[in-house]
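Work through the following exercises with the sequence and the coordinates open, and settle each step before reading the solution that follows.

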Amino acid sequence: IQRLDESVVNRIAAGEVIQRPVAAVKELVENSLDAGSTSIHVVIKDGGLKLIQVSDDGHGIRYDDLPILCERHTTSKLSAFEDLQSIKSMGFRGEALASMTYVAHVTVSTITSGQLHGYRVSYRDGVMEHEPKACAAVKGTQVTIENLFYNMIARRKTLQNSADDYPKIVDLLCRFAIHHKNVSFSCRKHGAGAADVHSVTRLDAIRSVYGVSVARSLMKIEASDANPSTSVFEMDGFISDSSYTAKKTTMVLFINERLVECTALKRAIEIIYAATLPKASKPFIYMSLILPPEHVDVNVHPTKREVSLLNQEVIIEKIQSVIELKLGNLNESSTYQEQAVDCSPVSSVSANKASCVNTSTSGSQKIPVNKMVRTDSQDPSGRMHAYLQVKPSRHRESSCGLNSLRSSIRQRRNPKETADLTSVQELIDEFERDCHSGLLDTVRNCTYVGMADDDFALLQHNTHLYLANVVNLSKELMYQLVLQRFGYFNAIQLSEPAPLQELIMLALTEEDPDSEGIENDDLKVKIAQMNAKLLSEKSELLDEYFSIHVDPQANLSRLPVILDQYTPDMDRAPEFLLCLGNDVTWNDEKVCFQTIAAALGNFYAMHPPLLPNPSSEGGSDFYKGVDEELLSEAENAWAQREWSIQHVLFPSMRLFFKPPTSMATNGTFVQVASLEKLYKVFERC
């Protein structure tokens, strides 16, 4: 083992602190902010490799400090380690300027208040190359970095071959400009007349950098907590509303005036937006957090990009709740433009004819009538219900609520980033790899026609008509959603806690209604007790990952929200709990999560109600002479199911569902008609 020379140590450390030109700019701008500057100007040449020049109007550097200015671990920000607990400045290690002198040529010009002239001095390897020279200067400091990485050939070549760092520098200064509204920032390329960044106010900065559409869709948000036992913080900022769409999340986060990143907070906010923004869209977030300095550990990252917070989970949860409430109120007050549709068959057919004529005549090539698609998968009109005389249902939603729901479901995106555990991610990868591409296209672009019977729905895709098994589809969709939202469920609170043992006893009795006798009853009681005890022991896992809450008294009190606007049939809860007790393999993590997800999928699937369908042939006989209240309950249950299939299940399938290959052959999808084949039949006739 050999002791490295100090110059080698310093050069290695410099390569870690100053990784790219943008890192050097960040350190210099933070120094300017620490100096109390109100105006900061940056000039860049060749992406920062040839020249980085940062000028400010701060308090300057004293003449006596210039000799040790660029030595490692020399700083005016602290004198003892304990000072870190209350530090408010951006810098504190005294490494940045020193690191720059080991990988570049550094020149500093500065003047302090009351001096008649300033001083200029050059540095190399942490020391002055000459005595400070008197020079003309304006208030503040100007640091010039030339030939960055001149002595690190591999890194310089890598940066020259990669994308220019200038856009990264502009983005960095934009983030500073958004937060520091009392500081003027400008950034330009060397030799350019106009600046690429020039800020006045916070919204002006956002508007000029990220565009008018971003600034127009922003909402003010604030949160705070002053309870020392939980958390102490103040937060304010701007977040985008549901009209904003982007492919990448933009998050500008300042904690105690320090530009940092917080992956946990970013992810928590993205989860909330997953239910609000259109598929694959990401939000814009600007947020400023102020905490007591002693609650923030700033010394956790080499480039100070991250910090550690006291009670971080509590703070994130409270911010998440405020944003969720804000977006929820926004969705309730939103209005959606909807086209009025006349449901009479004549008007529908004539409208379709007009649409066909326009399509065929406006296109460059005429579409043959036997291949013409006369429906639009995005258009709710033209379904079977328009041609049927259906008596008004007792459970009819208002058109405004329906339109709002449709739009809300269309705008949901799939939160793919929620799988923290490898086993869950493996299960997600399995059903994504097994996805049938042909069925996926059918599901994404089909038109719901109506229910053919209690189990099958009619779908049209292009010129083909299909029967689709609703129970199989909904069961698989729920299974996939449970895995995709693993650990991040909202909850359904039961009006009254339900005893596990009693529910499991109901399931056992329904499973074998003919078995009577004391021995059989005792056996059922023992099975129910064992399963209730087992679920109570696993209550922490069920609550944390699946929002299935079992209280200390072995009562079921909460269930997860798997699909918005949909509540499972609680008549099937006993069967579900018995399945959790009997069918789940608890000692294998992957199999455990898979079997719980399958049990939830079966419970939440859109099974036919247990009461017979009053509109079916056998149902009308069943309800003869039966209490009117029971008939009304059955009608409402069946009407609610059909409404959920049309307005919740199929819109959600278009966004989230990955149909497995097995569905192409197991009878879930059955083609019943083809327009091309029908025309051949008509031609023969």
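**Exercise 1. Determine which residues bring helix 15 and helix 18 together, and how the two axes are oriented.**

Solution. Start with the contact, taken as heavy atoms within 4.5 Å: Leu500, Leu503, Ile504, Leu506, Ala507, Leu508 and Glu511 of helix 15 meet Pro574, Glu575, Leu577 and Leu578 of helix 18. Sorted by class, this contact has 9 nonpolar, no polar and 2 charged residues, where Ala, Val, Leu, Ile, Met, Phe, Trp, Tyr, Cys and Pro count as nonpolar, Asp, Glu, Lys and Arg as charged, and the others, Gly among them, as polar. Next take the axes, which are lines fitted to C-alpha atoms over the stretch in contact, with angles from 0 to 180 degrees between N-to-C directions; those of helix 15 and helix 18 come within 8 Å and cross at roughly 100°. The two helices are therefore roughly perpendicular, the term for angles of 65 to 115 degrees.

Before going on, note that this is a predicted model, in which local features need pLDDT of at least 70 and side-chain atom pairs count only at pLDDT 80 or more, while totals for chains, interfaces and linings use all residues. Residues are numbered from 1 along each chain as its sequence is written, and side-chain values use heavy atoms, with hydrogens and water left out.

**Exercise 2. Establish how helix 18 is oriented relative to helix 19.**

Solution. The axes of helix 18 (residues 573-583) and helix 19 (residues 589-604) come within 10 Å and cross at roughly 165°. That makes helix 18 roughly antiparallel to helix 19, a label for angles over 145 degrees. On the helix 18 side the contact includes Phe576, Cys579 and Leu580, and on the helix 19 side Ile596, Ala599 and Phe603 are among the residues involved. By class, this contact has 8 nonpolar, 2 polar and 2 charged residues.

**Exercise 3. Find the strand order of the open sheet of 3 strands, and what packs on the sheet.**

Solution. The order is 20-22-21, with antiparallel pairing, where two strands pair if DSSP finds at least two bridges between them. Strand 20 (490-499) and strand 21 (549-550) stand at the edges, each with a single partner strand, so one side of each has no neighbour in the sheet. Helix 15 (residues 500-511) packs on this sheet and touches strand 20, strand 21 and strand 22, its direction making about 85° with that of strand 20.

Methods
Helix = DSSP H or I, 4+ residues; strand = E, 2+ residues; numbered from the N terminus. Parallel < 35°, antiparallel > 145°, perpendicular 65-115°, else oblique.
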